[in-house]
Amino acid sequence: KPSNILLSPRGPQVIDFGIARAVEGTVLTRTGQSFGTPSYVSPEQVLGQETTRASDVFSLAGAVVFAATGRAPFGSGRAAEILPRVVSLDPRLDGVPESLRPLLTRCLAKDPAERPTADEIGRVLSEQPLPSAEHGWLPAPVGRVIDGHRQEAEQAVLAAPGVPLPAAESGGAGRRRTGLIAVAAGAAVLLLVAGVGLTVLSPWSSDDTGAADGSGEAATTEEGTDEDDAEESTGIDGSVHSLDFTPGGEALYVQTATELTRWDWESGELLDRHGTAPNNIDIADDGTLVTSHQRTVVVRDPDFESIGSFDHAEEEESDILFHDAASINPDGSLVALVVVTHDQDSRLYVWDPQEDTVLLSEELEDRVLSTTFDRTGDLLMLAHADVYPRVRVYDLDDTDGFEPMVSGPEHAPEDEFDFQIYPSALSPTEDLLAIYMDRHVLLYDMEERENLHEIPVGPLVGGLVFSPDGSVLYGTGSATGTGEESGGRVWDVASGEELSAGHTLIDDRVAPHPDGELLVTVDGQTLLVLNAATLDLVREIG
């Protein structure tokens, strides 16, 4: 993966072989688990199959795609979103030099047997012309930066008392310089590994230290923001997981892998920066928020101050791995959440934060990606993270006690589906469910229990979002590099007609403004404000 490759003056250096040696010759995964960084693991690792040298070829190709384009071949996001793409979708290779695409396509084949060997890769590359290395392989500005750091390191060592230096003999200076480069590189490796270690040990972005509400959120000012950080940094840190407008549309919450920020989207001003990102965030119509964290779920007022936290889990505290998939109903009276244990067991809770009582506690057979209340607050949709594209909708007014209302649109037997993501959405104005499955978008009437439209889509739809008035459905997606039309798509809900397609500006995450006139989406770490009718770019933030 890219973070384990140092670009040194001597050439790329692969680091951190410790884990690889520890597990050499073993199967690295088992069913339901994956060993490695999601964006760069091979399909066989995701599926719990035996890994071979062909798995390394797959990961190598992913790192090369990143080097060429600045993005992973299967996009960014949570592991639950990335891993299905690795298994079932084609990599995104637009931006990769044409001369490399055929080889990278073979290296990223789903079947390990179809990938070239390392020797074959070497032979193919050796037949291609090499770029000039007359002045070193790194760009000149990078070389100057390295020289500057090296000089600083030399000065620091010379200024340190009691540090033995090599004798001033022939070659002594060279040996000293080599040693200093090694020390500097070692420090860089330690910083890199320390960062990776934090990510691995705390994958749900909660350090759980010093927070009175148990959320694991870093200490903030009385206004709920670290003012110094907000002044020092005004950009977006990390890949964006979600975008959420406040009910009036005056501000936008941006959740990344490392933090939660609030923006004045019109001016581009950063209003608040919360140092620790929640697992997810949801906002009620009155501005009440709910955030999930490793240790708890917190209900917050519109100023982001905690007004209550969930403390009713039936699991022992030591058994809880994290809290996730929290949502709040439109009037803020109910919160749904999922508790996951170290044994990967999941339990759904429906909690009344005002009365601080649990209305529903049910063990789940499958891992849940998200919970979503409908427009009335009477229905609760669970989107599952298993191989079958199904959602479960609970009728919260059912006298028999929260029985599943539907098991998802009927479309095909379970064993006919490939492993992929199945985004879904509930209409804000009608009893409609939209779900992407089997390269189609289905619009499902939950009251009549029937499909209204079945829209053939073709390439991947990364997410589904209704417009505030429910008349339009947006499908998010990135260019796939497969030659198929790709990117964001727009459909008329009443007719199922495709209104627009191929707009790569509608990429990954998207949030319609409450007035319906604008959309906010993301490109890397830049927010894009679009005209909702024309999809033209209005402004950029970050």
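**Entry 1. Ala68 and its surroundings**

Is Ala68 buried, partly exposed or exposed? I looked this up in the predicted model. Ala68 has a relative accessible area of 35%, so I recorded the residue as partly exposed, since that value lies between the limits of 20% for buried and 50% for exposed. I found Ala68 in helix H3. Leaving out residues up to four places away in sequence, I noted that Ala68 touches Gly95, Val96 and Pro97. For Ala68 and Gly95 I read a C-alpha to C-alpha distance of 7.0 Å, with 27 residues of separation in sequence.

**Entry 2. Helix H4 and the nonpolar cores**

I next went through helix H4, which spans residues 79-88. I listed Ile82, Leu83, Pro84, Arg85, Val86 and Val87 as buried there. I then asked which helices the buried residues of H4 pack against. They pack against helix H2 (43-46) and helix H3 (53-69).

I turned to the largest nonpolar core and counted 18 residues in it. The residues with the most contacts inside this core are Val46, Val65, Val86, Cys107 and Leu108. I noted that H3, H4 and helix H5 (101-107) each supply at least two residues of the core. Apart from it I found another core, of 17 residues, and I wrote down Leu334, Leu348, Phe373 and Leu380 as being among them. As general background, I recalled that nonpolar side chains tend to be buried together in soluble globular proteins.

I took Val65 for a separate check of contacts. With neighbours within four places in sequence set aside, Val65 is in contact with Gly70, Arg71, Pro73, Arg92, Leu93, Val96, Leu104 and Leu108.

**Entry 3. Strands E3, E4 and E5**

I examined strand E4 (residues 252-256) and found five of its five residues buried. Which residues of E4 point one way, and which the other? I saw Leu252, Val254 and Thr256 directed one way and Tyr253 and Gln255 the other way, all of them buried.

I traced the pairing of E4 with strand E3 (residues 240-245), which is antiparallel and runs over five bridges. Val240 has Thr256 in E4 as its bridge partner. The hairpin of E3 and E4 has six residues between the strands, and I noted that Gly249 takes a positive phi near 80° in this hairpin.

I then followed E4 to strand E5 (residues 260-264), where I found antiparallel pairing over four bridges. Gln255 stands opposite Leu260 in E5. E4 and E5 also form a hairpin, and I recorded three residues between them.

**Entry 4. Aromatic pairs**

How many aromatic pairs does the structure hold? I entered five. For Phe58 and Phe74 I read ring centres 6.0 Å apart and planes at 10°, so I recorded the pair as stacked. Phe58 belongs to helix H3 and Phe74 to the loop between H3 and H4, so placed that the pair links distant parts of the chain, 16 residues apart. Both Phe58 and Phe74 are buried.

I found Phe245 and Trp265 in an edge-to-face pair, with 6.2 Å centre to centre and 90° between the planes. This pair also links distant parts of the chain: Phe245 is in strand E3, Trp265 is in the loop between E5 and strand E6 (269-274), and 20 residues separate them. I noted Phe245 as buried at a relative accessible area of 10%, and Trp265 as buried at 6%. I also entered one aromatic cluster formed by Phe310, Tyr349 and Trp351.

**Entry 5. Arg300**

I located Arg300 in strand E9 (residues 297-300). Its relative accessibility is 3%, and I therefore counted Arg300 as buried. Which side chain does a polar contact of 3.3 Å join to that of Arg300? I found the side chain of His293.

**Entry 6. The sheet of E23 to E26**

I closed with an open sheet of four strands in the order E23-E24-E25-E26, paired antiparallel. Which strands stand at the edges? I identified strand E23 (463-466) and strand E26 (498-503); each has a single partner strand, so one side of each is left without a neighbour in the sheet. From one strand to the next I read an average twist of 15°. E23 and strand E24 (residues 472-476) run antiparallel and are joined by four bridges. I noted Thr476 in E24 as the bridge partner of Gly463.

Terms used: Residues numbered from 1 in each chain as written. Predicted model: local features only at pLDDT ≥ 70, side-chain atom pairs only at ≥ 80, totals over all residues. Heavy atoms only, no water. Buried < 20%, exposed > 50% of the residue type's maximum accessible area, 1.4 Å probe, protein only. Contact = heavy atoms within 4.5 Å. Pairing = 2+ DSSP bridges. Core = buried A, V, L, I, M, F, W, Y, C linked by side-chain atoms within 4.5 Å. Phe/Tyr/Trp six-rings, centres within 6.5 Å; stacked < 30°, edge-to-face > 60°. Polar contact = N/O pair within 3.5 Å; in protein donor to acceptor, adjacent residues only side chain to side chain. Axes fitted to C-alpha atoms, helices over the stretch in contact; angles between N-to-C directions.
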